[in-house]
Amino acid sequence: MSNDRQPLASVLAPIIARWRGDSTALVQILREVQEVLDWISPAAIDTLAQALQLPRSKIEGVAGFYSFFYTRPMGRYRVLFADNIIERMQGSAALMARMCEALWVEPGKVSEDGLVSVGTTSCIGMSDQGPALLVNNIVVPALNEARIDQLCELIRGVVPLADWPAELFAVEDNIRQRGILLDSSLAPGDALRAARARAGHDGLEASNTRSWREGLPSGLLGPASVIDEVRRAGLRGRGGAGFATALKWDACRNAPVAAGKERIIVCNADEGEPGTFKDRVLLTGYADLVFEGMTVAAYAVGATRGFLYLRGEYRYLLAPLQAVLERRREAGVLGRSILGIPGADFDIEIHLGAGAYVCGEESALIESLEGKRGTPRNRPPFPVTNGYLDQPTVVDNVETFACAALIALNGGEWFAGFGTEKSSGTKLLSVSGDVARPGIYEFPFGVSIGEVLAASGAVGTQAVQVGGPSGTCVNVAEFGCRIAFEDVPSAGAFMVFDATRDMFEVARNFTHFFAHESCGFCTPCRVGTSLLRNLMDKLANGHGSPYDFAEIEKMNHILQQMSHCGLGHSACNPVLDTIARFRPAYERRLSNIAFEPAFDLDRALAPARQMTGRDDEGAHLPRHHEEQA
C-alpha cells in the first residue's frame, strides 16, 4: 500500500533497520519497499544506495532481474494470472479476458487511472485448485466467473486488500493419500531428542559447545552418527537431482571454516517447477517437521545459521511460518541453547524469492540470498565448501528435511524399509490436470504411473508429464514405469492429460515458460530458448516443415552442450518427448515438405486492417486468399 504522505526516508528507514542495514538482504529490502510504495521508484533506489552503500546500478540490476519487482508504476492492484498449461486447461485465459474487459485494462498494461494492472506469470503452485491468480503477490485460488466479478468490484471500489473477504484467499491442502510423512505426528523437539540419544548422549552436555560445532571428543559418538543414520536410510534429495543427502552433509561437516565464519543450512522452498505444489502443503501443515529436519541437519554438520528460501508466490505463508519459528524458540528447540544445552545454537531466518524460476537451482538461490541477481554459479567449488558468503553450506529441499526429521526419530533402517533398493522412503506427488481428485499423494518409491492414475481417478489418459517441463513425458505404453530414481525420477509434479488435449500445445506452453524464465546469463540459453519458442510458434501459426524438426534437434544439441545450468539443458525435453510420442500432433501443422518462412506479411498487416476497419479480399495479400480457397 502506497504511503505518499510521509517523507520517503522515514518510510524506508524501518525497513532498512529491520534488515540491519545489510546489503546482502537487498532482495528482502526491495520486496518490503515495494509492498509499502507499490513500486520501486528512482527516489527509493537513491535512498537505498546511500543507506546500504551500494552502487545505484547494482540495485537497479537486482530490481530488474526479478519479475515481481517493478521499477515503474504498475497500479495499486497488481494482478497476475497463473499461465501454466494446467490452468489454461482450467479456463484461465477466458477469466483473465473477463477481468480485463470489466476493468477496462489491456493485458500486460496499467489502467488509464493507474489503479490496476493485469498480466500473467508462471505457475504459482495452485494447479490443484486453479485457475488462480496473485494480487499484490497474495494468492487467490479457485477462480470462476462469479469470483472474478467479485474481485473486479473490490478493485473498482478501491477496497484495501486487508479488507477483502478472507474466503477469497483460502487455500486447500487437498491431501488425498498419506504415508509416513503425511501421517507423522512429531512434536517439536522429538527428532532432536532421538538424535541425541542415538548419538550416545547425554554425553552431549558434557562436551558443551564442541558437541554442536566441532564434534564430540574421541571415544564418544556424535553428529557423525546422525549422518550415518541418514546414510543407512539411503536418503536422496527430493528436489529432483537425487543427490545422496549423507554425502552432502558429510562434505559440509568436514569442510574447513575460516575464522569468523560459520556453517549454513538452507531449505530450498522455491518450488517453481510448473505443476508442483507439495512443498506448499508441507509448509502449511508440517512446518515443524521441516524446521526440525533443518535443526537435525545443523547438529549433524555443525551449523549455527539457517535460511528458509520461500518462493515469492507463497508470500501468504510468511506470517504463519514466522509464528511457527517463534513457537519453537519459546519451546527451546530453536535459537540459543537448544534443549537447554549451552552452545547448541541454531536459528532460522525466512527469505522470500521474487519470481525467478532459476533460483530453484541451489547456487542461484545462494546468490539471491546474498542480495544479488539469481545467476547460477560455476562449479566447482560447490556450496558444501563455498556456499552462502563463501561459507560451507547445505542446501536441501523441503521434503528432504522432513524426511531427515523422521530418520532422526525412527532410524535409518526403518526409513530404508520403504520404497526400493535405490530409492528409499516415500515420494510426495503433486497430481493435477485431467483427474477426478487433484492434490497431494504420498506413495512409497516404486509405485507405477498407472497406479497413481488409478488412485487419482484419471480416465482416458494419453500422457503424463512427470517432473514438470524439465522432466519426462510418458504415453500409455509407459504407464507401467515406476516413480523411482532408477526408472522415472520426479521432483514431485505429475501432470495428467486426457485424449482431448493437444500435446503440441502442451509442449509449446513449456517452451514459452523456459524462454520467459531463462536468467539471460549465457547466450546459448538466452537465445536458444527464444529460438525454440519461436519455432513452436511458427508451427502453431501454420508455417511448419520438416526443416523445423531438424532445427529443434540442432537447438537441443546446442542447449545441452553449451548452457550454463540445468534450465537450458532441459528446455528441449518436452518438445523432443512429444515429437517422439505424439508426432501426429506436429505433422498436422506442417504446411510445406521443404521449408516455410516464419514471417507472414499478411498476418503482420492484421493490425493495419483492424485500424482501418477492412477485412475484405483487397485488404489481404493474394496468397492468403489462394490458401483460403
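Which residue in S3 is the bridge partner of Lys-109? The legends below take that up after a look at the whole chain, and the model they describe is a predicted one.

**Figure 1. The whole chain, with its 28 helices and 15 strands.** This predicted model has a radius of gyration of 26 Å, which agrees with the value near 25 Å for a compact globule of 629 residues. Along the principal axes, the C-alpha atoms fit in a box of roughly 95 × 65 × 45 Å. As for burial, 57% of the 629 residues count as buried. Take the contacts between residues at least 6 apart in sequence: 72% of them join residues at least 24 apart.

**Figure 2. Close-up of the five-stranded open sheet.** Reading across, the strands run S2-S3-S1-S4-S5, and the pairing is mixed. Strand S2 (109–110) and strand S5 (138–140) are the edges, each pairing on one side only. Zoom in on S2 and S3 and you'll find an antiparallel pair held over two bridges. Here's the answer to the opening question: Lys-109 has Val-118 of S3 as its bridge partner.

**Figure 3. Close-up of the largest pocket, with about 1,400 Å³ of space.** Its lining takes in 50 residues, and the ones closest to the centre are Gly-239, Gly-240, Ala-241, Gly-360 and Glu-361. Several elements give two or more residues to this lining: helices H12 (245–254), H13 (278–285), H16 (362–369) and H23 (566–570), plus strands S7 (263–269) and S10 (393–397). Sorted by class, the lining of the largest pocket comes out as 22 polar, 16 nonpolar and 12 charged residues.

**Figure 4. Close-up of the second largest pocket, at about 720 Å³.** This one has 36 lining residues, with Asp-83, Thr-120, Thr-121, Ser-122 and His-516 nearest the centre. Helix H20 (503–517) is among the elements that supply at least two residues here, along with helices H4 (56–65) and H5 (85–89) and strands S1 (77–82) and S3 (116–121). The largest share belongs to H20, which brings eight residues to the lining. By class, the second largest pocket is lined by 15 nonpolar, 12 polar and nine charged residues.

**Figure 5. Close-up of the largest cavity, with a volume of about 110 Å³.** The count for the model is five cavities of 30 Å³ or more. For the largest cavity, look for Arg-311, Glu-313, Gly-355, Ala-356 and Tyr-357: of the 18 lining residues, these lie nearest the centre. The lining of the largest cavity has seven nonpolar and seven polar residues, and four charged ones.

**Figure 6. Close-up of Asp-498 in strand S15.** The strand covers residues 493–498, and Asp-498 has its place there. Is Asp-498 buried or exposed? Asp-498 counts as buried because its relative accessibility is 16%, and the cut-off for buried is under 20%. Which residues does Asp-498 contact, leaving aside neighbours within four places in sequence? Those contacts are Asp-434, Val-459, Gly-460, Thr-461 and Gln-462.

Key
Residues numbered from 1 in each chain as written. Predicted model: local features only at pLDDT ≥ 70, side-chain atom pairs only at ≥ 80, totals over all residues. Heavy atoms only, no water. Helix = DSSP H or I, 4+ residues; strand = E, 2+ residues; numbered from the N terminus. Buried < 20%, exposed > 50% of the residue type's maximum accessible area, 1.4 Å probe, protein only. Contact = heavy atoms within 4.5 Å. 1 Å grid on protein atoms, 1.4 Å probe; cavity = no way out; pocket = protein on both sides within 12 Å on 5 of 7 lines; lining within 4 Å. Points joined across faces, edges and corners; volume = space filled by probe spheres on them. Nonpolar A, V, L, I, M, F, W, Y, C, P; charged D, E, K, R; others polar. Pairing = 2+ DSSP bridges. Rg over C-alpha atoms; globule rule 2.2 N^0.38 Å.
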